[in-house]
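This report describes the structural features of one protein chain for a reader at the bench. The sequence and the model are shown first.

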Amino acid sequence: MTKNAWAVSRRTFLASSGMATIAMALPAWANIPPTTREYRLVAKPGETRLVGDSHPPTAVWSYDGTVPGPEIRVRQGERLRVAVENRLAEETTVHWHGVRVPNAMDGVPHLTQKPIAPGDTFVYEFDLPDAGTYWYHPHQRSFEQIGRGLYGPLIVEERNPTSVDRDVTWVLDDWRLLPTAQISGDFGNMHDISHNGRVGNTVTVNGRLPDTFAVRAGERIRLRLINAANARIFGLEFKDHRPTVVSYDGQPVEPHEVAGPVVIGPAMRIDLVIDLVGNPGRRFRVTDTFYRSLEYRLLDLAYEGEPVRRGPAGPIARLDDNTMPEPNLADAERHEIAFGGGMMGSMRMAMMGGRQVDMREMMQSGMAWTINGVTATGHIHEPMLRLTRGRSYVLALANDTAWHHPVHLHGHSFRVVSRDGKPTRHREWQDTVLMAPKERAEIAFVADNPGDWMIHCHILEHQAGGMMGVVRVS
Ligand code: C2O
Ligand code: CU
């Protein structure tokens with residue numbers, strides 16, 4: 001019986017019998033069923049002031065009328081039940097990015113569920129074994145649905161949280177706006193698909209064009225960064241401050257300062273602990289320097305009010321590990337996965353819909369990318385890999401293109417064990433690994449979650465353009 005089926009049957013059991021019987025039948029820890037947190041999300045069109053009050057509001061698609069959607073905040077070990085009502089004019093689903101859910105709750109249209117039709121409601125329900133910073137978003141035509149504002153943060157608090165003065169979430173997004181402050185409707189155009197995706201012209205933090213972020217001298221904040229952009233990669237520099245990374249993609253890592261900008265690709269999360277060491281009244285820029293010669297000021301940290309403390313806040317503790325099993329590298333089975341295609345690449349031919357086609361024919365069908373030579377035209381596929389449940393695997397990912405790709409695997413977190421053949425310093429757990437052009441990365445994990453799982457680039461135009469596939473665990 002899977003862990004999840006167990007939780008469901010236990011609840012039914014509780015409902016139908018007395019506590020006394022259970023106390024005799026089950027071990028002590030099982031007497032307490034996980035608390036279930038219930039939410040309701042309505043996906044619908046709305047309007048929001050993305051660029052401030054001096055401009056007209058922007059028409060968006062949203063959860064509950066806000067961008068980002070409501071922050072779902074639960075405790076590690078709890079169970080989440082979310083009823084999602086679709087009031088859009090098209091089908092949708094919700095994917096719980098980074099959460100190791102049972103396959104039927106993964107929100108992949110056709111592969112794991114029937115898409116939610118307009119007017120319908122679907123109830124997602126799953127346990128949250130791991131703490132961390134996650135997010136939710138549609139997996140149906142996500143290049144447009146996410147691009148129009150459908151996404152929200154999902155925060156799972158640690159049983160033993162790290163001690164900070166403030167816990168802050170910044171959901172970063174990037175929009176392509178017209179001078180009217182409306183979203184440009186050119187979703188899924190071939191130029192975006194075949195180059196670096198839909199990089200826009202307006203960056204928001206928590207759905208607003210930011211100006212300042214108020215801080216107090218001496219404060220220690222935990223800053224949860226979530227990149228909800230279709231395609232923009234951020235490289236954040238905090239002038240005269242030294243952020244410490246405490247987790248990647250929700251998974252704890254040895255606390256360390258990063259040399260240079262904090263780089264965060266689409267769908268990735270980074271939790272930083274920042275000590276506000278400036279003096280009251282001062283301002284410090286946060287700039288995004290990722291794209292050369294396109295640097296801009298994201299916002300200013302503005303020191304206001306009385307200092308919270310004088311002097312250092314003490315060492316930053318490592319967060320408790322989550323519950324992923326440790327892959328056994330000595331005994332792991334190894335597979336290679338090559339990512340190909342795009343402009344300025346060397347790819348000439350690919351398999352599309354079971355036929356060999358050339359790049360020109362691919363592009364005429366709106367496709368530009370491949371995984372292991374196959375361009376995916378939908379969510380359902382012959383699995384490119386069949387993994388045995390419980391075994392350790394190393395996947396050697398090769399970016400054979402001239403572009404960056406944040407590659408996401410569903411249903412699992414993996415350790416990034418090497419880059420370009422060199423062991424990584426922190427062997428970080430991630431669910432999305434950003435690969436630079438021509439870069440190689442090896443990821444390792446135990447295939448412990450049964451089902452058909454997507455692996456795809458999270459530049460949503462690359463995904464739509466064929467860079468996705470299915471890995472089966474059974
Ligand atoms: Cu964030 Cu397959 O998705
Ligand atoms: Cu990509």
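The account below covers a metal site, two nonpolar cores, a sheet and a group of aromatic rings, all taken from a predicted model.

**Copper site**

The copper ion (ligand 2) is held by three donor atoms: ND1 of H405, SG of C457 and ND1 of H462, at 2.0 to 2.1 Å. Along the sequence these donor residues follow the spacing H-x51-C-x4-H. H405 belongs to strand β27 (residues 405–409) and C457 to strand β33 (residues 451–457), so this pair ties together parts that are 52 residues apart in sequence. H405 has a relative accessibility of 0% and therefore counts as buried. C457 is likewise buried, because its relative accessibility is 0%.

**Helix α3**

S142 is part of helix α3, which spans residues 142–145. Its relative accessibility is 5%, so S142 counts as buried, the limit being under 20%. With neighbours within four places in sequence left aside, S142 is in contact with G147, L460 and Q463.

**Nonpolar cores**

The largest nonpolar core comprises 34 residues, and those that touch the most other members are W170, F238, L272, L298 and L301. Strand β19 (residues 296–303) supplies the largest share of this core, with 4 residues. A second, separate core contains 30 residues, among them I337, A368, A447 and I459.

Which residues does L301 touch, when residues up to four places away in sequence are not counted? L301 touches F213, V215, F238, H241, L276, R282, R283, F284 and V286.

**The sheet containing β19**

An open sheet of 5 strands is arranged in the order β11-β19-β18-β13-β16, and its pairing is mixed. Its edge strands, each pairing on one side only, are β11 (212–215) and β16 (262–264). From one strand to the next, the twist averages 25 degrees. Strands of a sheet pair through backbone hydrogen bonds, in either a parallel or an antiparallel manner. Strands β11 and β19 run parallel and are joined by 4 bridges. V215 has Y303 as its bridge partner in β19.

**Aromatic pairs**

The structure holds 10 aromatic pairs. Two pairs that involve W96 are set out below.

| Pair | Centre to centre | Angle between planes | Geometry |
|---|---|---|---|
| W96 and F126 | 5.4 Å | 55 degrees | tilted |
| W96 and Y136 | 5.7 Å | 40 degrees | tilted |

W96 lies in strand β5 (residues 95–97) and F126 in strand β6 (residues 121–127), so their pair ties together parts that are 30 residues apart in sequence. The pair of W96 and Y136 also links distant parts of the chain: W96 is in strand β5 and Y136 is in strand β7 (residues 132–137), 40 residues apart.

Are these rings buried or exposed? W96 and F126 are both buried. For W96, the relative accessible area is 0%, and W96 is therefore classed as buried. Y136 also counts as buried, because its relative accessibility is 0%.

Ring pairs further connect residues into a cluster made up of Y63, W96, F122, Y124, F126 and Y136. The two tabulated partners of W96, namely F126 and Y136, thus appear in this cluster together with W96.

Notes
Residues numbered from 1 in each chain as written. Chains lettered and ligands numbered in written order. Predicted model: local features only at pLDDT ≥ 70, side-chain atom pairs only at ≥ 80, totals over all residues. Heavy atoms only, no water. Core = buried A, V, L, I, M, F, W, Y, C linked by side-chain atoms within 4.5 Å. Buried < 20%, exposed > 50% of the residue type's maximum accessible area, 1.4 Å probe, protein only. Helix = DSSP H or I, 4+ residues; strand = E, 2+ residues; numbered from the N terminus. Contact = heavy atoms within 4.5 Å. Donors = N, O, S within 2.8 Å, 3.2 Å for Na, K, Ca; no water. Pairing = 2+ DSSP bridges. Axes fitted to C-alpha atoms, helices over the stretch in contact; angles between N-to-C directions. Phe/Tyr/Trp six-rings, centres within 6.5 Å; stacked < 30°, edge-to-face > 60°.
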